[in-house]
Amino acid sequence: MLVVKFYAKFFNTYMSKIARIPVKVPQGVNLTVIDNLIKIESKSNTVLYPFNQIVEMIRDGETVSFALKQESRNRTARSILGTLYASIRRAIEDIQNKFT
């Protein structure tokens, strides 16, 4: 039986399959990395979310992408990346819709 592992090459780093899709950041929502936290803020709401140092945030105009740093390519790191991506994407939707 042939086992195939899927890796997405993105900015010369490996990442989880879900984190390949860039997150669209709406106008009026700002993302900032402060030490071990990512700060997501709009006019009326602010959310602080834990941010792991093995992940880097890449801002490109209206989108933001997350990728693993070069030295962390193990399975646990990819899991952390996928979880962080999903949580940040959901937090951006929530802050835009004022659910927080």
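A search through the whole of this predicted model turns up 1 aromatic pair. The partners are Phe51 and Phe66, whose ring centres sit 6.4 Å apart with the planes at 50°, so the pair counts as tilted. To see where that angle falls, recall that planes under 30 degrees apart would be stacked and those over 60 would be edge-to-face. Phe51 belongs to the loop between β6 and β7, while Phe66 belongs to strand β8, so the pair ties together parts that are 15 residues apart in sequence. Are these two rings buried or exposed? Phe51 has a relative accessibility of 6% and so counts as buried; Phe66, at 0%, is buried too.

With that pair as a landmark, let us step back to the whole chain. The protein contains 1 helix and 8 strands, and its elements run β-β-β-β-β-β-β-β-α from the N terminus on. Of its 100 residues, 35% count as buried. The accessible surface comes to about 6600 Å², and carbon and sulfur atoms hold 51% of that. If you look at contacts with a separation of 6 or more, 52% of them are between residues 24 or more positions apart.

Now follow Phe66 back into its sheet. Strand β8 is part of an open sheet of 3 strands in the order β3-β8-β7, with antiparallel pairing. At the edges are β3 (23–24) and β7 (55–60); each has a single partner strand, so one side of each is left without a neighbour in the sheet. On one side, β8 (residues 63–68) is joined to β3 by 2 bridges, the strands running antiparallel, and Thr63 in β8 is the bridge partner of Lys24. On the other side, β7 and β8 pair over 6 bridges, again in the antiparallel sense. One place to check this is Arg59, whose bridge partner in β8 is Val64. These two strands, β7 and β8, form a hairpin with 2 residues between them, and Gly61 in the turn has a positive phi of about 65°.

The helix comes next. Helix α1 covers residues 75–96 and lies across β3, β7 and β8, running at about 160° to β8. Arg90 is found in this helix and, with a relative accessible area of 48%, is partly exposed. How far apart in space are Arg90 and Val23, C-alpha to C-alpha? The distance is 9.9 Å, although the two are 67 residues apart in sequence.

There is a second group of strands to visit. Strands β4, β5 and β6 make an open sheet of 3 strands, in the order β4-β5-β6 and with antiparallel pairing. Its edge strands are β4 (30–34) and β6 (46–50), each of which pairs on one side only. From one strand to the next, the twist averages 20°. Between β4 and β5 (residues 37–41) there are 5 bridges, in the antiparallel sense, and Ile34 stands opposite Leu37 in β5. The loop between β4 and β5 holds Asp35, and its backbone deserves a look. Most residues other than glycine have a negative phi. Asp35, however, has a positive phi, near 50°. Asp35 is also exposed, with a relative accessible area of 65%.

Finally, what lies inside? In soluble globular proteins, nonpolar side chains tend to be buried together. Here the largest nonpolar core has 21 residues, and those with the most contacts inside it are Leu31, Ile40, Val55, Phe66, Ile88 and Ile92. Two or more residues come from each of β5, β8 and α1, with α1 giving the most, 8 residues. Phe66 therefore appears twice in this tour, as a buried member of the aromatic pair and as one of the core residues with the most contacts. Leu31 is another good residue to centre your viewer on. Leaving aside neighbours within four places in sequence, Leu31 is in contact with residues including Val25, Ile38, Ile40, Met57, Val64, Ile88 and Ile92. Lys39 and Arg59 are also among the contacts of Leu31. Of these contacts, Ile40, Ile88 and Ile92 are named with Leu31 among the core residues that have the most contacts.

Key
Residues numbered from 1 in each chain as written. Predicted model: local features only at pLDDT ≥ 70, side-chain atom pairs only at ≥ 80, totals over all residues. Heavy atoms only, no water. Pairing = 2+ DSSP bridges. Helix = DSSP H or I, 4+ residues; strand = E, 2+ residues; numbered from the N terminus. Axes fitted to C-alpha atoms, helices over the stretch in contact; angles between N-to-C directions. Contact = heavy atoms within 4.5 Å. Buried < 20%, exposed > 50% of the residue type's maximum accessible area, 1.4 Å probe, protein only. Core = buried A, V, L, I, M, F, W, Y, C linked by side-chain atoms within 4.5 Å. Phe/Tyr/Trp six-rings, centres within 6.5 Å; stacked < 30°, edge-to-face > 60°. Areas by Shrake-Rupley, 256 points an atom, 1.4 Å probe, with all protein chains shown as cover.
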